[in-house]
Amino acid sequence: MRKLVLETTSPFQGLPELVAFDEGLFAREGLTIEWAERDEAGIKAADAKVIDPAGVDPFASHGTLLEQGKADMYNACEWGNYCRVQDTAIGSRQVGRRGIVTYAAIVVRPDSPVYTPQQLADRTVGVPFYAGTHYLALHLLEGFLPREHIRVCSAPNGSRNRYKFLMSGEVEATTLTEPYVSLAEKNGCRAICSGFYHGTEVASGRVDAETYGAFNRAVREAVRRIAANKPKYLQYLIDYHKARDPEIAALTLADLREGRLVVCDPAPIPDDELTRTYAWVKSWGMLDRAASPLQLINMDVQQRAHAAE
């Protein structure tokens, strides 16, 4: 059995991996999986004075354990992983897209005067810098507003933390993932705009194409099972959080929407999307040292692992 150490992951971004582990699919492919516990909370305070990611640690929530040699792989949003592998001290690289497409939304309280994305002009939106909902907020808002009227500020990693700050009035609007979008809506909040985004797997040099190919075969079977029975696997979104959050524990499957759970086979990052994403992240000032998007991918492992599936 080959051992692979993964940083822990939440269902909204790693459900296929959790299912593959729980249902013995990794073991069936000859992989022994160990989980390295990361601090999902990361930054724990909102700070309206921190309005761009310059000087913010891109490894605050993902990648720290891999950088320390305590994990072999982690998954996180594709945009943030471009930045992390630019800043890696150990030569980590992206090796392909993960098996879930994450849903997230920009949400306001019930008493907010904001009803449309245009009304978020010059209003502060709390985001976790370098996490998926940071970049998604920029994408969503620049579809409605000139960039000079987009205001984001530092908010905690973890939707549970940002939801708390939203409801206490410490931020005017924030980004949430599931099941917190559903919880917010149940409590009268409004999702102003929403979308889906890809994530990628990042691996150290210890992960070869054969190991990553076996990992992907297990994830592909998990994707098949999830797609065939979404109600069964939506329960993960509740169960993962219920011990720490009584409001989530009170949710039922009827409170969640199956259409927000989207899974797909893990795959290479398409060349055209790689180029466009690199240029877009760079346009926001977050890729100042990567001269080419090809520097951000281990093309050999990505191509050989996916070709072997």
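Start by selecting helix 8 (residues 209-228) and helix 12 (residues 299-307): the two pack with their axes 8 Å apart, at an angle of about 50°. Keep in mind as you click around that this is a predicted model. An angle of about 50° falls outside the ranges for parallel, antiparallel and perpendicular, so helix 8 and helix 12 are oblique to each other. Turn the view until one helix lies over the other, and you'll be looking at a right-handed crossing.

Now show some side chains. Which residues of helix 8 meet helix 12? They are Ala 209, Tyr 212, Gly 213 and Asn 216, and across from them sit Val 301, Arg 304, Ala 305 and His 306 of helix 12. Colour this contact by residue type and you get four nonpolar residues, three polar and one charged.

Stay on helix 8, but bring in helix 1 (residues 11-22). These two axes come within 8 Å and cross at roughly 100°, which makes helix 1 roughly perpendicular to helix 8. On the helix 1 side, select Leu 15, Pro 16, Glu 17, Val 19 and Ala 20; on the helix 8 side, pick Phe 215, Ala 218, Val 219, Ala 222, Val 223 and Ile 226. Colour by type again: ten of the residues in this contact are nonpolar, none is polar and one is charged.

Next stop, the aromatic rings. How many aromatic pairs does a search of the whole structure find? Eleven. Zoom in on Trp 79 and Tyr 197, whose ring centres are 5.6 Å apart with planes at 35°, so this pair is tilted. Trp 79 belongs to helix 4 (residues 78-87) and Tyr 197 to strand 9 (residues 190-197), so the pair links distant parts of the chain, 118 residues apart. Are they buried or exposed? Both Trp 79 and Tyr 197 are buried.

Without leaving Trp 79, add Trp 280. Here the ring centres are 6.1 Å apart and the planes are at 50°, so this pair is tilted too. Trp 280 is in helix 11 (residues 271-283), so its pairing with Trp 79 in helix 4 ties together parts 201 residues apart in sequence. Trp 280 is buried, as is Trp 79. Then add Tyr 135 and Trp 284: ring pairs link them with Trp 79, Tyr 197 and Trp 280 into a cluster.

Tyr 135 leads to the last stop, because it is among the buried residues of helix 5, a helix largely enclosed by the rest of the structure. Select residues 132-142 to see it: nine of its eleven residues are buried, including His 134, Leu 136 and Leu 140.

Technical notes
Residues numbered from 1 in each chain as written. Predicted model: local features only at pLDDT ≥ 70, side-chain atom pairs only at ≥ 80, totals over all residues. Heavy atoms only, no water. Axes fitted to C-alpha atoms, helices over the stretch in contact; angles between N-to-C directions. Helix = DSSP H or I, 4+ residues; strand = E, 2+ residues; numbered from the N terminus. Parallel < 35°, antiparallel > 145°, perpendicular 65-115°, else oblique. Left-handed = near helix turned anticlockwise from the far one by under 90°. Contact = heavy atoms within 4.5 Å. Nonpolar A, V, L, I, M, F, W, Y, C, P; charged D, E, K, R; others polar. Phe/Tyr/Trp six-rings, centres within 6.5 Å; stacked < 30°, edge-to-face > 60°. Buried < 20%, exposed > 50% of the residue type's maximum accessible area, 1.4 Å probe, protein only.
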